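Student: Please take a close look at one part for me, the places where chains meet. Then work inward from there to the folds and backbone details behind them.

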Amino acid sequence: MESLEIRRKSLIWISGLTCNGNSHSFLSSTSLSFNTFLNSVNILFHPALTYDREFKDIYEDILEGRLKFDFLVVEGAVSKEKGKVYFQGFDVYEILENLKNVAEYIIAVGNCASFGNFPALYSEDVVGLNFRFDQKSGFFDVGFTTKSGMPVINVSGCPAHPEWIIKTILSLSYGYNLKLDSLQRPKDFYMYLTHDGCTRNQYFEWKVEAEEFGTKEGCLFYYLGCRGPLTHSTCNKILWNDKSSKTRAGMPCIGCTEFDFPLRSKYFETKLNIGIPEEVPLGVSKRAYIMLSGVAKTFTNHRLKGKLEEADQ
Amino acid sequence: MKKQISNLSLNRVEGEVELKLQKDKSGVIEDAFITAHNFRGFEYILKGKELLDALVITPRICGICGHSHLTATVNAMENLYRENGFNIEITQKVKMIRQLTQCSEIIQNHIKWFYLFVMPDFLKLDSSEKYVEYRPFTGKYWKNALNISSDIVKIIAILGGQWPHTSYSLPGGITSDPLKTDLVEALSIVDSTLKFVESNIIGMDVESYLSITDYREFMNKTSGGSLKDFIELSFKNGMEKIGKSYGHFITVSNVYPCIQEAVIKKKRCKFNIKKVKELKESSSYSIVQPVRYDGLPMETGPLARRLTSNTELFVNLNSVFSDSYLVRVWARVDEIVRILVNMKDWILKINLSEKSYIKPKDYKLLSGESFGLTEAARGSLIHKIEVYKGKILDYNIITPTIWNLGPRCKNFKGVAEKAIIGLDSDLKAQMVLRSFDVCSVCLVH
Amino acid sequence: MVRKLLKEKKREEIVKVASKLFSERGFYNTTIPDIAQAVGMSVGNFYNYFESKEELAKYIMQYSSSILGEEIRKISQMDISTKEKIFLIVRRFIEIAQERPELIDYFLRIFLSNREVFSEGCEGFLCVGEVVTELMLFLEEGARKGDLRQQDFFPAFVTIMGPLGGLVFLKGEGILPKNPIEYADEIGENIWRALKSDEKV
């Protein structure tokens, strides 16, 4: 009989080719979230946090069967070749091979671990855990699952939002079954679009376009490159640093949760063909989008005509 | 006893770094080699890209100082406009906001580094209950430090959308157009961080701290706090005597009024970008090329900034304890105070009626070379771009960590390498290395 | 079902007759009794189809736009080159102008001249949305494939519509020596040359 006692789950965080941005994103979460996390999850090793035990000792304990753990969090891209990427003096290739059947869950945190991201542009052997961009040619074989039966769970984003990381791990540790999308990302976060909740939504609806940066007014989609309606994230639902989001601060969404983030270019302008956007919001045909925006453009929403501060409606 | 070699992989640093120590028979370190792994190839990735793509790519070199990379990129681009004979106008409002957000990132860094990376080392030297609040995960100081470091970056989120990895600054200005109430929120974050610094770190009000000119005066005036704990622990463990390097310092740009650019060799002189050289020499143990100023190794970072800015307290500390572990760490903690106290002024100076962005000419008209300089958390950061008709031909990045942790050349050992030689313990070697605030992701990038 | 189809057919008939009357006599000089009489229906019955003369006027525009839009859409979806598509669009436009001259006349003489009639509910592109949308899609695809030169939408739009409007006008004035369709390829070539990207021959 298995014990019914709910054990505090344990976690090991390793990194590959990374800027550590996901670690710092994680550390920038709210104190409420972070404390809940620390109370629920025992961090056996994190390269920036733990001090009492070296990774080599923990690693040895695991390999010798003396230590079990639940979550293997991987930050950063990895290599399909041995001897390329190191963590605490060990080849990440070997760490992954040795721990892949020990961990209950493997979580790829950030776009590098999920899809390879920018580091994969430099070298063919650099990959994410399951994907290389949109190809299922990552480090693990297609169909790989961990002890829990789940595939690698991708918490994509450059970086991933702290709440996506924390809530994914907490949900799993509470025993919730997380539904994943085709890129193995939790639907709870990635079924939304960055557009959802953007403070500039009215401008999108009435096709009032921002033509230059530096204003509170105007939608950034038509001219300034915003990927909000094409990017899966909750950036405007669960705000960054509890305060804001890129689009709220007038910066176009650059689509950093998607596999093609490093493959695109000209992040600050929308690709137009004869004045028509090449890509339109997800889920609608270009015909529908053009018709609808033509109609919206015909009417004037007087509230949105000038400076918002001056609007008296 | 035989000669020994220790290979240490460091944790509580940014990234993956290995320290190889060569010791004599008595265990004294004769030589030290710093090796960083995990090359990502950013300079190669940038080649051939559209110029403005760098605004998105370079911040991703580093998760803790990405804003500084953004600033260096923007500075290089704006300088390129000037080199091409185009006027590029940046409003005072934009200058203040950019400086404010970048300095928020620096404070975040320093607080995290001190409490998460530096203080836990002392727990290994002194396990007494007195320091229990510095313990990772459970200690009050440790937890407060994380809270405060995530509070201060909220200023970046309010003005630039998010931290880490915003690209809200771009040639011609910034993307945001803040509200007055946004500034009020930023002000209250600065205020509460100042309170934290006064009560948790320096143990006195900021004005009193800024009037202090030597360490005895500090010890007499402070009512207690982490800086006092640190200084006591340092003296107890002889950290005021170790960790000394060449005593050459470099600061490449100004942050008015708290950071002044200058170079200190034998004496203080003006910084000249032409004297910065990345040597072509490659060493057997490092993939990084050494960088020298006028042929000399240079330390960069908060200690350098205090000395090039002629801050009396540090001129005095340096004359007594020279560039030791104690002084280097103190300088980084000190910088939190000196920057924070100015941030309030900067916010109050922002005139919101000025423009956030003045559209410059099409970047496709730009060709040629330019530099972008800035002061990052760890010191001087230099980006050099070569562009042809708006496409990047070459992108070269000299990070602070290359100055401090880069390898030896045929004439000189690296700055941190030299600081480690002569020590007799692995732990202290690691501590000295951490005093430079190691960032191997920036080192190899 | 049959009833619905019959009603549709009647509406088409009204459109055909009314557009002709409007073009010949002008919008204000044509009354609902005139139209009802020409169609052979009672005035009362007319109101079963259209609420007012203004509603009819707008409907005629939407109707013409959907016919032309549908034709452009069909051509857009064909598996032929962008150049061939331009030639075909020109040809179909001229053919429609010949098959349904009243619709083109209506556009030129009523829609463009009596803007006040169309000021509410038909402003901007509202009544001609289909033609504009289909041309946008066609131009976007052509530019995306690299066949057409990048530019703003409106210059490209008038480059296509301008020559066609001009041709119909000349025909209407009776000063075109040849049958309009005989000019189709030359106009097609002109439009193609004006719009094509520099690399295309």
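Tutor: What follows starts with the contacts between chains, then turns to chain A and chain B.

This is a predicted model, where local features need pLDDT of at least 70, side-chain atom pairs count only at pLDDT 80 or more, and totals for chains, interfaces and linings use all residues. Residues are numbered from 1 along each chain as its sequence is written, while chains are lettered from A and ligands numbered from 1 in the order in which they are written.

Start with the chain pairs. Two pairs of chains are in contact, and chains A and B share the most contacts. Here, contact means that the C-beta atoms of two residues, placed from the backbone, lie within 7 Å. Between chain A and chain B, 53 residues of chain A are in contact with 58 residues of chain B. Four elements of chain A each give at least two residues to the side that touches chain B: helix H1 (21-27), helix H2 (31-40), strand E5 (86-87) and helix H6 (117-122). H1(A) supplies the largest share of that side, five residues. Helices (H or I, at least four residues) and strands (E, at least two) are DSSP runs, numbered from the N terminus. By class, the side of chain A that touches chain B holds 26 nonpolar, 20 polar and seven charged residues. For these classes, Ala, Val, Leu, Ile, Met, Phe, Trp, Tyr, Cys and Pro are nonpolar, Asp, Glu, Lys and Arg are charged, and the others, Gly among them, are polar.

Now chain C. Twelve residues of chain A are in contact with 19 residues of chain C. On the chain A side, helix H10 (residues 286-298) gives the largest share, seven residues. The chain A residues that touch chain C divide into five nonpolar, four polar and three charged. Chain B and chain C share no contact. The closest C-alpha atoms of chain B and chain C lie 16 Å apart.

Next, the fold of chain A. Five strands make an open parallel sheet, in the order E2-E1-E3-E7-E9 (chain A). Strands pair if DSSP finds at least two bridges between them. At the edges are strand E2 (41-45) and strand E9 (153-155) of chain A, each paired on one side only. From one strand to the next, the twist averages 25°. Its axes are lines fitted to C-alpha atoms, for helices over the stretch in contact, with angles from 0 to 180 degrees between N-to-C directions. Strand E1 (residues 9-15) of chain A runs parallel to E2(A), joined by four bridges. Within this pairing, Ser10(A) stands opposite Asn42(A) in E2(A).

Take one residue of chain A in detail. Ala113(A) sits in helix H5 (residues 111-115) of chain A. Ala113(A) counts as buried because 35 C-beta neighbours lie inside 10 Å. The cut-offs: buried needs 20 or more other C-beta atoms within 10 Å of the residue's own, exposed has 12 or fewer, and partly exposed is in between, with C-beta atoms placed from the backbone. Leaving out residues up to four places away in sequence, Ala113(A) touches Gly16(A), Val74(A), Glu75(A), Gly76(A), Ala77(A), Ala108(A), Gly128(A) and Leu129(A). By contrast, 26 Å separates the C-alpha atoms of Ala113(A) and Arg8(A), which are 105 residues apart along the chain.

On to chain B. Chain B has 17 helices and 14 strands. The C-alpha trace of chain B spans about 65 × 50 × 40 Å along its principal axes. The radius of gyration of chain B is 21 Å, which agrees with the value near 22 Å for a compact globule of 445 residues. The radius is taken over C-alpha atoms, and the globule rule is 2.2 Å times the number of residues to the power 0.38. Of the 445 residues of chain B, 59% count as buried. Among chain B contacts between residues at least 6 apart in sequence, 71% join residues at least 24 apart.

Finally, the backbone. Most residues other than glycine have a negative phi, and most peptide bonds are trans. Trp163(B) and Pro164(B) are joined by a cis peptide bond, with omega about 0°. Pro164(B) is in the loop between helix H6 (154-160) and strand E4 (169-170) of chain B. The bond from Tyr256(B) to Pro257(B) is also cis, with omega near 0°. Ile274(A), not a glycine, has a positive phi of about 45°. With 24 C-beta neighbours inside 10 Å, Ile274(A) counts as buried.
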